[in-house]
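Me: I would like to go through this model piece by piece. Please take the questions in turn and give the reasoning before each result.

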Amino acid sequence: MYLIIEDAGPKAADIRKAVSAAGVPDQLVTTVPDVVLAKDQLKRGVTCLVLDLQIPNRHGDRTSEAGGVTLLRWISRHLKSKPPHIIAVTAYDVAGETSNLLNTLGIPVVPYAPSSADWSDFLTGYVRRIHAQTATSQPSIDAVVLTAVDVEMYQVRRVFGADGAAERHAGTQWFRSNVFGKQIVVAQASQMGMPATATLVAKAISTWRPKVICCSGICAGYSDKVALGDIVVPDPCWDYGSGKLENSVLKPDPRPIPLQEVVRTTAKGIHRDQIRSWTDEFGDSSRERTNPQLSLGPACSGAAVVADKDLVTDIRNQSRKIVGIDMENYALYYGASNSGRERAPLFFSAKAVVDYADKDKDDNFQQFGAYIAARYTKWLIGELLES
């Protein structure tokens with residue numbers, strides 16, 4: 001992301017125009033007018049910072065001559081992921097302590113003059129070199145979280161704080177978050193189902209080269225194995241529609257994919273009290289109280305939304321220990337384990353049970369389920385990246 005910090009509207013527009021002229025897509029450029037908003041954006045990760053040296057602490061406050069310098073010191077002392085490129089654009093002479101600090105940090109200064117094109121030509125050339133470098137060598141992301149439907153995406157962005165502007169890569173919108181000092185992106189498939197998720201998994205691995213890739217969301221469960229709200233982590237996962245159709249009868253030939261051992265071991269480490277605390281935090285008194293638990297066991301994926309008791313029974317014949325059914329997980333497991341990378345990413349899915357795939361299924365539990373799944377997903381990513 002390219003961040004412009006400038007409180008003067010015309011000057012901000014001029015700077016943005018110069019950055020755009022370097023070939024940077026508009027969706028990768030964010031403009032903020034003050035220090036407070038700048039810090040919020042910087043915490044999410046910034047490739048290039050274009051900074052006015054005289055900026056207010058909050059929009060509407062008086063401009064501070066030391067605003068830019070104060071922000072630079074904060075970046076040096078407190079920001080874990082510092083912008084690799086910083087450039088100052090100012091209409092005033094730079095001298096004294098400010099000049100010394102900029103020289104020490106190696107920050108170039110562009111003398112802004114709206115009547116001249118020299119400053120904008122320099123800025124455009126500077127940014128063009130950065131953009132060319134990052135376009136050919138996309139920085140690695142620590143983790144990618146994928147979703148399939150709106151309720152899943154809403155709760156994932158809420159839990160991960162991925163509320164900034166979207167970045168567009170490979171035809172997909174990605175939302176960036178900085179959690180545990182790690183870079184994480186989240187995205188939603190274009191539609192439900194394994195084909196769309198498989199495509200998104202391939203894009204995610206190619207674009208971001210993540211250490212961890214996962215799905216977070218909601219699923220159906222078997223009532224004698226799991227309760228509403230329970231978090232299902234498939235191990236193994238398979239496509240229940242795989243096999244031979246003969247005389248309208250499917251002869252299954254599933255190819256289950258298990259979790260990697262480190263993921264399986266780490267996933268089990270959650271404490272029930274931790275999940276219970278997330279339930280309390282959700283704070284919906286109208287929802288039936290539940291005590292969600294982790295269910296790590298066999299689960300499968302298929303091409304259709306299931307609301308048929310007979311089909312649920314047929315699927316169960318493929319594994320007597322099955323706990324859940326969804327439409328995307330197998331695409332994630334297959335895509336991640338067959339990525340072609342020398343070092344495959346760690347992968348898992350965490351989806352909360354919101355119905356039992358029968359005629360009584362409804363949407364009443366979806367917000368809570370998506371929230372609990374997102375909280376567990378965040379926890380497990382943190383544990384995996386730490387280890």
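Me: In what order do the five strands of the open sheet with parallel pairing stand?
Reply: This is a predicted model. In it, five strands make up an open sheet, and their pairing is parallel. Neighbouring strands in the sheet are turned against each other by 20° on average, direction ignored. The order is S2-S1-S3-S4-S5.

Me: Which strands stand at the edges of that sheet?
Reply: An edge strand here has a single partner strand, so one side of it is left without a neighbour in the sheet. Two strands fit this description, one covering 29–32 and the other 109–111. They are S2 and S5.

Me: Which residue of S2 does Tyr2 stand opposite?
Reply: Strand S1 spans residues 2–5 and runs parallel to S2, with four bridges joining them. Across this pairing, the residue of S2 opposite Tyr2 is Val29.

Me: At about what angle does helix H1 run to S2?
Reply: H1 covers residues 9–20 and lies across S1, S2, S3 (48–51) and S4 (85–90). Angles over 145 degrees count as roughly antiparallel. The angle between H1 and S2 falls in that range, at about 165°.

Me: Is strand S11 largely enclosed or largely open, and why?
Reply: A residue counts as buried when its relative accessible area is under 20%. S11 consists of residues 231–239, nine in number, and eight of them are buried. The strand is therefore, with respect to the rest of the structure, largely enclosed.

Me: In which sense does S11 pair with S14, and in which with S16?
Reply: S11 and S14 (residues 294–301) share seven bridges in the parallel sense, and Trp238 stands opposite Cys300 there. S16 (residues 346–355) is joined to S11 by two bridges, and Val232 is opposite Lys351. The pairing with S14 is thus parallel, and that with S16 is antiparallel.

Me: What is the form of the peptide bond from Asp235 to Pro236?
Reply: Pro236 has its place in strand S11. The omega of the bond leading to Pro236 from Asp235 is near 0°. The bond is cis.

Me: What is the phi of Ala170, and how exposed is this residue?
Reply: Ala170 sits in the loop between S7 (167–169) and S8 (172–179). Its phi is positive, at about 55°, although the residue is not a glycine. With a relative accessible area of 46%, Ala170 is partly exposed.

Me: What is the phi of Arg209, and what is its relative accessible area?
Reply: Arg209 belongs to the loop between helix H7 (194–208) and strand S10 (212–221). Although not a glycine, Arg209 has a positive phi of about 50°. This residue is partly exposed, and its relative accessible area is 36%.

Me: How are H9 and H12 oriented to each other?
Reply: The axes of H9 (residues 272–282) and H12 (residues 366–386) come within 10 Å and cross at roughly 135°. H9 passes H12 in a right-handed crossing. Given the angle, the two helices are therefore oblique.

Me: Which residues of H9 meet H12, and what is the make-up of the contact by class?
Reply: From H9 come Ile275, Trp278, Thr279, Glu281 and Phe282. On the H12 side are Gln367, Phe368, Tyr371, Ile372, Arg375, Tyr376 and Trp379. By class, the contact has two polar, two charged and eight nonpolar residues.

Notes. Residues numbered from 1 in each chain as written. Predicted model: local features only at pLDDT ≥ 70, side-chain atom pairs only at ≥ 80, totals over all residues. Heavy atoms only, no water. Axes fitted to C-alpha atoms, helices over the stretch in contact; angles between N-to-C directions. Parallel < 35°, antiparallel > 145°, perpendicular 65-115°, else oblique. Left-handed = near helix turned anticlockwise from the far one by under 90°. Contact = heavy atoms within 4.5 Å. Nonpolar A, V, L, I, M, F, W, Y, C, P; charged D, E, K, R; others polar. Buried < 20%, exposed > 50% of the residue type's maximum accessible area, 1.4 Å probe, protein only. Pairing = 2+ DSSP bridges.
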